[in-house]
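Notebook open, structure loaded. I want to look up a few things and jot them down as I go.

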Amino acid sequence: MSPIQDIVAFAVQTYLKHSSTPEQLKLLTTDTSLSTESAKDSMVEVLTNLQSLVSEEITGQLTHLKRRRNQEHAQIHQLPQEVFVEIVLAATSFSSGSTDPFTPMKVSKYWFDTVARCPNIWSQLIVAPRPQPGIMNMMRALRGPVEVHCHRGSELDLDASFADLSTLDPNRLRALVWRWSDETEALHSFFQERNSNFVDLYLERSIYSLHRRLDLSPEGSCLRHLELRGVALPWTSPRLSQLQSLSIQKLRQDHPSVHDLYRILSSSPALRRIRIRDFQNPDEEQLDASHAITEPIYLPKLRSLQLEAPSIIINTLAPLIRSPSCQYLELRPPTERPSERLEPSDAVLDLIISSITCEPLLHIVVEHKEGGFSVFIQNSLPRGTAPWGDWGDWDDPNMGISIKLFPSTVESLRNLLEGLLSRLRAARWKPENLYLCFTRAFNGTFSHEAIPPLLLSFPLAFQTIRRLDLVLPSPAAYHYALRLLEGAVPELTSFGMYHTYAVSYEEWINGIKAFLERRYPLHLQGNISVHQKVSRLAKIHVPEDIAECLRRDWPNTSLPREVLSNIKTR
């Protein structure tokens, strides 16, 4: 029979078995003509009851069929259960703004069963304005790890939170996310005594909080993820090892010494992210003692390194770090005093290569002042969110490099740029955009002729560059660069030359004309030359005065006249 016939047959059988009277059974089993009034009334009652039973059965079968359809054919139910659990965890996480796990339980029985059986979904205990008996009951029943969140608020029910926390096994308290404020000061002594099992700590102190330090229990689990903002720890604690991420910011006192930081980093080979910033300068005793630190720090999994700290920390730790896979690197000392500058070294160059090659662009800015050089190397591209914007997001979205080095002599500068170039070529880097800048003091006596060739060796070494921007100190330097680049950089489609201070631009303008005429000759004769293999130049970026001269006297070149409309001014 068909499913509909099954439903009708089931309803009739159910009615005959449980709902019919002896008189109705007799009526149904005899060959009567329903001639009497009572027989007709009895049959009407039978049919009405059957209609009700059939309707109930159809409703039940319909609900069952919809559930089967959702479970067997909906795409989300075709996912492996562990993937579906990760989706639910993301939906109920604190950072998503929805912290009530009961909401997804209302979607379907499958969702209800999945949420109710997953301890990780019931892992967040929020210090809230009112008790949370439902969540606490689920936490106690499932016995998974617990992550405690405590944020600022004027109506927090700390007594109820203390009662909830006290009913949980301390071994289950694995993470603490706590923003200290006046309203949460009472929690300090509570967590001071109950932190031996925490492996993840996020502690942020408000400027009005009385406490600046949390003492870790000496016996306990090693920390895994640590983020501190204005909060100090006992920096010699053995629990500050085996870290996977480390962030220390906004410390005004009780900061770790260079030796403390070295000990923490060297004992945590699994570190993926390091952020140390907004420190006050260590005292002189620490500066003197730091010279004894020479052993390298091996961090094979390091992905992100950001040091915006006193120069003694940067100069001591950065050259010691060995990491082949660092993709985001930022080193910024608070001052640039000669005694605090980071000198380039082979170890520093080895460290920065991975951060450069992860992006197809690079800015190199060389500046000469009385006393030496500075070299700023940058290619970092923000991904829309600041690094470590959300607690629990352990993969830094940013990539690239931002670093300033200070070679003291021309020879040191040469070694830096040549060493950088050789490493990039060995890594088979394929850049597309290159920005090269060299500036010097107006009243300086230094002869700058050696610097442009060092910078121009970068576009000559890579054939994949599509956009090249130059900032050079004189028209003569531009004339030299244009002559050098005539047959190089075959993929170049955008070329920028920016403003320089000079009495006359004639040499520069003549250099541009000669560059265009030789690179894109008007009449090609004889054998195929290198000039026929270069891409068409689509954009020229030059100062306004030079742009006007080119518009008035366009060189004899094979470039279409329309390229004039793409001349930009800077």
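**Surface patch**

I started with the outside of this predicted model. Leu460, Tyr480 and Leu484 make up a nonpolar patch on the surface, and together they offer about 230 Å² of accessible area. I looked up Tyr480 in particular: this residue sits in helix α16. Its relative accessible area is 38%, so Tyr480 goes down as partly exposed.

**Helix α17**

Next I checked a helix that packs against α16, among other elements. Helix α17 covers residues 506–519, which is 14 residues. From first C-alpha to last, α17 reaches 20 Å, close to the 20 Å expected at 1.5 Å a residue. Which residues of α17 are buried? I wrote down Trp508, Ile509, Gly511, Ile512, Lys513, Ala514, Phe515, Leu516 and Arg519. What do these buried residues pack against? My list has α16 (475–484), β17 (494–497), β18 (539–542) and α18 (544–552).

**Salt bridges**

Then I turned to charge pairs. As a reminder to myself, side chains of opposite charge can pair when their charged atoms come close. How many salt bridges does the structure hold? The count is 15.

I looked at Arg179 and Glu204, whose closest N and O atoms are 3.1 Å apart. This pair links distant parts of the chain, with Arg179 in strand β3 (residues 173–180) and Glu204 in strand β4 (residues 200–205), 25 residues apart. Arg179 is partly exposed at 24% relative accessible area, whereas Glu204 has 15% and therefore counts as buried.

Arg224 and Asp200 came up next, with 2.5 Å between their closest N and O atoms. Arg224 lies in the loop between β4 and β5 (225–229) and Asp200 is in strand β4, so this salt bridge ties together parts 24 residues apart in sequence. Is each partner buried or exposed, or something in between? Arg224 is partly exposed at 35% relative accessibility, and Asp200 is buried at 7%.

I also noted Asp215 with Arg213, a salt bridge at 2.7 Å, N to O. Both count as partly exposed, Asp215 at 31% relative accessibility and Arg213 at 32%. Elsewhere, Arg277, Asp278 and Glu308 are joined into one network by salt bridges that share partners.

**Asp278**

I stayed with one member of that network. Where does Asp278 lie? I found Asp278 in strand β7 (residues 273–279), and at 28% relative accessibility the residue is partly exposed. Leaving out residues up to four places away in sequence, Asp278 touches Lys250, Leu251, Arg252 and Glu308. I also compared Asp278 with Leu307: they are 29 residues apart in sequence, and their C-alpha atoms are 9.2 Å apart in space.

**Cysteines**

Last check of the session was for disulfides. A disulfide is a covalent bond between the sulfur atoms of two cysteines. With a cut-off of 2.5 Å between sulfur atoms, the count comes to 0 disulfides. Cys326 is in none, as the nearest cysteine sulfur belongs to Cys358 and is 8.8 Å away. I looked up how covered Cys326 is, and its relative accessible area is 0%, so this cysteine is buried. Cys549, on the other hand, is partly exposed at 21% relative accessibility.

Definitions and conventions: Residues are numbered from 1 along each chain as its sequence is written. This is a predicted model: local features need pLDDT of at least 70, side-chain atom pairs count only at pLDDT 80 or more; totals for chains, interfaces and linings use all residues. Side-chain values use heavy atoms; hydrogens and water are left out. Helices (H or I, at least four residues) and strands (E, at least two) are DSSP runs, numbered from the N terminus. The expected span of a helix is 1.5 Å times one less than its number of residues. Buried means under 20% relative accessible area, exposed over 50%, partly exposed in between (1.4 Å probe, protein chains only). Contact means heavy atoms within 4.5 Å. A salt bridge is a side-chain nitrogen of Lys or Arg within 4 Å of a carboxyl oxygen of Asp or Glu. Patches are made of residues with over 30% relative accessible area and no salt bridge: like charges are joined within 9 Å, nonpolar side chains (Val, Leu, Ile, Met, Phe, Trp, Tyr) within 5 Å. Accessible areas come from the Shrake-Rupley method with a 1.4 Å probe; for residues, only the protein chains shown count as cover.
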